[in-house]
Amino acid sequence: MDRRMFLHCGASALAVGTGLLLGSCRRSNTIDAAFAPYPHDPVRAENFTNPLFIPGSEGPFGVLDVTDMPLTLSASAATFPILAGKASPFLLYETSYAGRTFQNPIFKIKRGGRFAATLHNGLNEPTIIHWHGLHIPAKMDGHPNDSIEAGKNYPYAFTVNNRGGTYWYHTHAEHLTAKQAYGGLASFFIVEDDDDLRLSRALDLKLGETDLPLVIQDKRFNAAGELVYQPDPVEKMMGHLGDIMLVNLTPNAFLEIGPRFYRFRCLNGSNARIYRLAFMRGKQPLAYQVIGTDGGLLDRPYSVKEAFLAPGERLDVLFDASQLRQGETVFLKSLAFDSMDDESAMGMARSNGGGRLGDSVEFNLLKLVVTKTAQGPRDVPTRLSELKPIDIGNATERQVRLEMAHMRWRINDETFRRGVFPIDAQRNTVEVWDLHNAKQSMPHPMHMHGFHFQVLSRKNSPAQIRALGVHGSGRVVSDLGWKDTVLVWPGETVRLAVDFSNDFDGDQTYVFHCHNLEHEDADMMVNMRVRA
Ligand code: C2O
Ligand code: CU
Ligand code: CU
């Protein structure tokens, strides 16, 4: 049975099971091209007229230095103007400090600094915060079972020992993560260390000016401009795609730049959409340098023309705008690709993004226009940081299969169950995992809490990945640094190494899950216990 057949069967079983009538299963290549333009359509370059939202020192996404500074974070339902000033219902983390108020603050902390915050649940349903990418005790990590009821508080206090880099935080409420994260409960958590400072000094980069966090998200809105999240059964299985692209919550954004280096800390904060990022001058892809991944800086910059970015992943890049003329325009785009799940009725829903924007369409994310004249330093450091390979000499091996059975995505045949520990590891040991994605499947961005890992190899990659797997052992550029989330394509085997060393008290129970948030909420997640 090939993949197409399998998905056909899956689709009809789903249709029977839900009473849906899905119609023909055959995908037409003309569907995506045929839909009519719509307001905020990101395919149309002329729509890009909104100044990119840049974080300031207070207000929405204000940067807040939290080194050794306790605060209270209140999750609450509010409104936020996204589409042309129209207030949309939105969920926000609010806090105030020294007379300044913040919504979804961007936390900044020095490596080694102490973080303390009390989460207050001001929603009318359970919630909890997860600090994505931080190496902290499980009780601090925001395990879904630690979700708190409306009106309750949860205290966090931990030391941030992670490398400098671009981390983030978001809701992890059991079975409500997709809805709450889509609704707004997410922001950045930036850790600074000496390597970072050295880079900033060398290229004269300033956070909020030439060093910009960019959270990329796809959303849907109703005619009143309000955010809509109503996944149907097919979207619950394949992931929810939006048709309006937001960068820092700005639809159709542009940014005025000068002829110098810019650092863009790209975060895929989407529920399910994968991006294939390229900087395009007309039809020509410009080279850019990848300098960091989920867990901070790489050993050196790597020049590429494109890279995939899956939900949960970060990609830190340098873009050299000095190669552009005054007045010239470049677009950060997502190029078309084969989502590998689009040969079925289920996939068709996904490839069309619920009717409009599928993976097989190239679209714009951010327009860059050279209007400034100030230049900057030209010498990118040839060494950025030190990456020590994990010693796998005494590693134990673990096989992890990702596949669908009985209409649910599973990890080694399991879906999430409280008190069951399908991954049971031992502190101070090293493990080598083979993540096998079934042939009849879709891409799954797999995420590990509590620990970062190193990608050792990719095998049986689909052609579009093999073409990018030029960095040894089939690895793509985003595999070259410390990772907490890795995209595994259908048929592929990704081999990784993880070191479970920690000095936390007692057994630690984290989760390992798919960061397609619809998959996560449908329990494509298992407990991962690290025994003391
Ligand atoms: Cu960013 Cu368990 O998630
Ligand atoms: Cu996480
Ligand atoms: Cu998945």
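**Group meeting: two copper sites and a few other stops**

Hi everyone. What we have here is a predicted model, and its protein chain has a mean pLDDT of 92, with 91% of the residues at 70 or more. The stretch to watch is residues 1-34, where the pLDDT is below 50. In the model that stretch still has 54 contacts beyond near neighbours in sequence. As a reminder, predicted coordinates should not be read in detail where pLDDT is low.

Let's go to the metals. Which protein atoms are the donors of the copper ion that is ligand 3? They are ND1 of His 444, SG of Cys 514 and ND1 of His 519, lying 2.0 to 2.1 Å from the ion. If you like sequence patterns, the spacing of these donor residues reads H-x69-C-x4-H. Both Cys 514 and His 519 are buried. For Cys 514 we can put a number on that: its relative accessibility is 0%, so this cysteine counts as buried.

Now the other copper ion I want to show you, ligand 2. Its protein donors are the NE2 atoms of His 130 and His 447, lying 1.8 Å from the ion. His 130 sits in strand E9, residues 129-132, and His 447 in strand E30, residues 444-448, so this pair ties together parts that are 317 residues apart in sequence. Are these two histidines buried or exposed? Both His 130 and His 447 are buried.

While we are on cysteines, let me mention Cys 266. With a relative accessibility of 2%, Cys 266 counts as buried because the cut-off is under 20%. As for disulfides, taking sulfur pairs within 2.5 Å, the count is zero.

Next, the cavities. There are three of 30 Å³ or more in the structure, and the largest has a volume of about 100 Å³. That largest cavity is lined by 14 residues, and the closest to its centre are Phe 61, Gly 184, Ala 186, Val 215 and Gln 217. Two elements give two or more residues each to the lining: strand E12 (186-192) and strand E13 (211-219).

My last stop is Asn 153, which is found in strand E10, residues 153-159. At 47% relative accessibility, Asn 153 counts as partly exposed. What does Asn 153 contact, leaving aside neighbours within four places in sequence? The partners are Thr 118, Leu 119, His 120 and Ile 148. For a sense of distance, Asn 153 and Ile 390 are 38 Å apart in space, C-alpha to C-alpha, and 237 residues apart in sequence.

That's my tour, thanks for listening!

Conventions: Residues are numbered from 1 along each chain as its sequence is written. Chains are lettered from A and ligands numbered from 1 in the order in which they are written. This is a predicted model: local features need pLDDT of at least 70, side-chain atom pairs count only at pLDDT 80 or more; totals for chains, interfaces and linings use all residues. Side-chain values use heavy atoms; hydrogens and water are left out. pLDDT is the predictor's confidence in each residue, from 0 to 100. Contact means heavy atoms within 4.5 Å. Donors are N, O and S atoms within 2.8 Å of the metal (3.2 Å for Na, K and Ca); water is not among the atoms, so sites may look incomplete. Buried means under 20% relative accessible area, exposed over 50%, partly exposed in between (1.4 Å probe, protein chains only). Helices (H or I, at least four residues) and strands (E, at least two) are DSSP runs, numbered from the N terminus. On a 1 Å grid over the protein atoms alone, a cavity is a set of points where a 1.4 Å probe fits but cannot get out, and a pocket is an open set with protein on both sides within 12 Å along at least five of seven lines; lining residues have an atom within 4 Å of a point. Grid points are joined across faces, edges and corners, and a volume is the space filled by probe spheres set on the points.
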